[in-house]
Amino acid sequence: MPIGGHGQLVHVVGGGELLAVVLIVIGAAVSWVTSYLLTRPLGTLSRASRELARGNLGYRAPVRSRDEVGQLAADFNRMAGQLERNVNRIQETMALQERFMADFSHEMKTPMTSIIGYADLLRSQVDDVRKYERELRRIIVDKCGYPQEL
């Protein structure tokens, strides 16, 4: 059937444009929803990595799926757990080293204090020791008859 007039042709073309606009809007909405669903888990992993960087070693990323992103989240959580265990071990080792150094320092101070005290005593009585040495030589010479060159 022939198209009856110029007005009907415009009406048909106008309806096609409306359909195109509706399809573009639907396509954009589907693209946005798909994009959101694909990037939301990556945003969650990004947040988890920032928490770890801040020192919150107990934070874990939620695993919501069994796809590649879910597997990535599970691997991330295993890595975070191992990191937490390693940091705890290092902190425990450092605490043991600090305690050892404090104990060692204490144990070394006690004998050193005694040695320093005895050295000061000997130094202060050097003249008395020489006097006793001369007296002991005189007694040995007198009692034993040794020559006086001692």
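Y36 has a relative accessible area of 40% in this predicted model, so Y36 is classed as partly exposed. Its partner in an aromatic pair is W32, and the ring centres of the two lie 5.7 Å apart. The planes of the W32 and Y36 rings meet at 10 degrees, so the pair is stacked. W32 is exposed, at 58% relative accessibility. Both residues belong to helix α1, and because they are 4 residues apart, about one helical turn separates W32 from Y36.

**Aromatic pairs**

The structure holds 2 aromatic pairs. Besides W32 with Y36, there is a pair made by F100 and F104, with ring centres 5.9 Å apart. The ring planes of F100 and F104 stand at 20 degrees; planes under 30 degrees apart count as stacked, and so this pair is stacked. F100 and F104 lie in helix α2, 4 residues apart, which means that about one helical turn separates them. F100 is exposed, with a relative accessible area of 51%, whereas F104 is partly exposed at 43%. The cut-off explains this split, because exposed means over 50%.

**Salt bridges**

How many salt bridges does the structure hold? There are 4, and three of them are set out here, including E84 with R60.

| Salt bridge | N to O distance | Location |
|---|---|---|
| E84 and R60 | 2.8 Å | E84 in helix α2, R60 in the loop between α1 and α2 |
| R78 and D75 | 2.2 Å | both in helix α2 |
| D103 and R99 | 4.0 Å | helix α2 |

The bridge between E84 and R60 joins a helix residue to a loop residue. E84 sits in helix α2 and R60 in the loop between α1 and α2, so the pair ties together parts that are 24 residues apart in sequence. E84 is partly exposed, with a relative accessible area of 25%. R60 is also partly exposed, at 28% relative accessibility.

R78 and D75 make their bridge within helix α2, where they are 3 residues apart, about one turn of the helix. The N to O distance for R78 and D75 is 2.2 Å. D75 has a relative accessibility of 35% and therefore counts as partly exposed.

D103 and R99 meet at 4.0 Å, N to O. That value is at the limit for a salt bridge, because the nitrogen has to be within 4 Å of a carboxyl oxygen. D103 and R99 are 4 residues apart in helix α2, so about one helical turn lies between them. D103 is partly exposed, at 41% relative accessibility, while R99 is exposed at 58%.

**The largest pocket**

Which elements give two or more residues to the lining of the largest pocket? They are helix α1, residues 6-53, and helix α2, residues 68-124. The pocket itself holds about 210 Å³ of space. It is lined by 13 residues, and those closest to its centre are P41, R64, S65, D67 and V69. Helix α1 gives the most to this lining, with 6 residues. Sorted by class, the lining has 7 nonpolar, 3 polar and 3 charged residues.

V69, one of the residues closest to the pocket centre, can also be placed relative to L38. The C-alpha atoms of L38 and V69 are separated by 8.7 Å, although the two residues are 31 residues apart along the chain. L38 lies in helix α1. With a relative accessible area of 57%, L38 is exposed.

**E51 in helix α1**

Is E51 in helix α1 buried or exposed? E51 has a relative accessibility of 15% and therefore counts as buried. The reason is the cut-off, because buried means under 20% relative accessible area. E51 lies in helix α1. With neighbours within four places in sequence left aside, the residues in contact with E51 are N56 and Y59.

Across the residues described here, E51 is buried, L38 is exposed and Y36 is partly exposed.

How values were computed: Residues are numbered from 1 along each chain as its sequence is written. This is a predicted model: local features need pLDDT of at least 70, side-chain atom pairs count only at pLDDT 80 or more; totals for chains, interfaces and linings use all residues. Side-chain values use heavy atoms; hydrogens and water are left out. On a 1 Å grid over the protein atoms alone, a cavity is a set of points where a 1.4 Å probe fits but cannot get out, and a pocket is an open set with protein on both sides within 12 Å along at least five of seven lines; lining residues have an atom within 4 Å of a point. Grid points are joined across faces, edges and corners, and a volume is the space filled by probe spheres set on the points. Ala, Val, Leu, Ile, Met, Phe, Trp, Tyr, Cys and Pro count as nonpolar, Asp, Glu, Lys and Arg as charged, and the others, Gly among them, as polar. Buried means under 20% relative accessible area, exposed over 50%, partly exposed in between (1.4 Å probe, protein chains only). Contact means heavy atoms within 4.5 Å. Rings of Phe, Tyr and Trp (its six-membered ring) pair if their centres lie within 6.5 Å; planes under 30 degrees apart count as stacked, over 60 as edge-to-face and the rest as tilted. A salt bridge is a side-chain nitrogen of Lys or Arg within 4 Å of a carboxyl oxygen of Asp or Glu.
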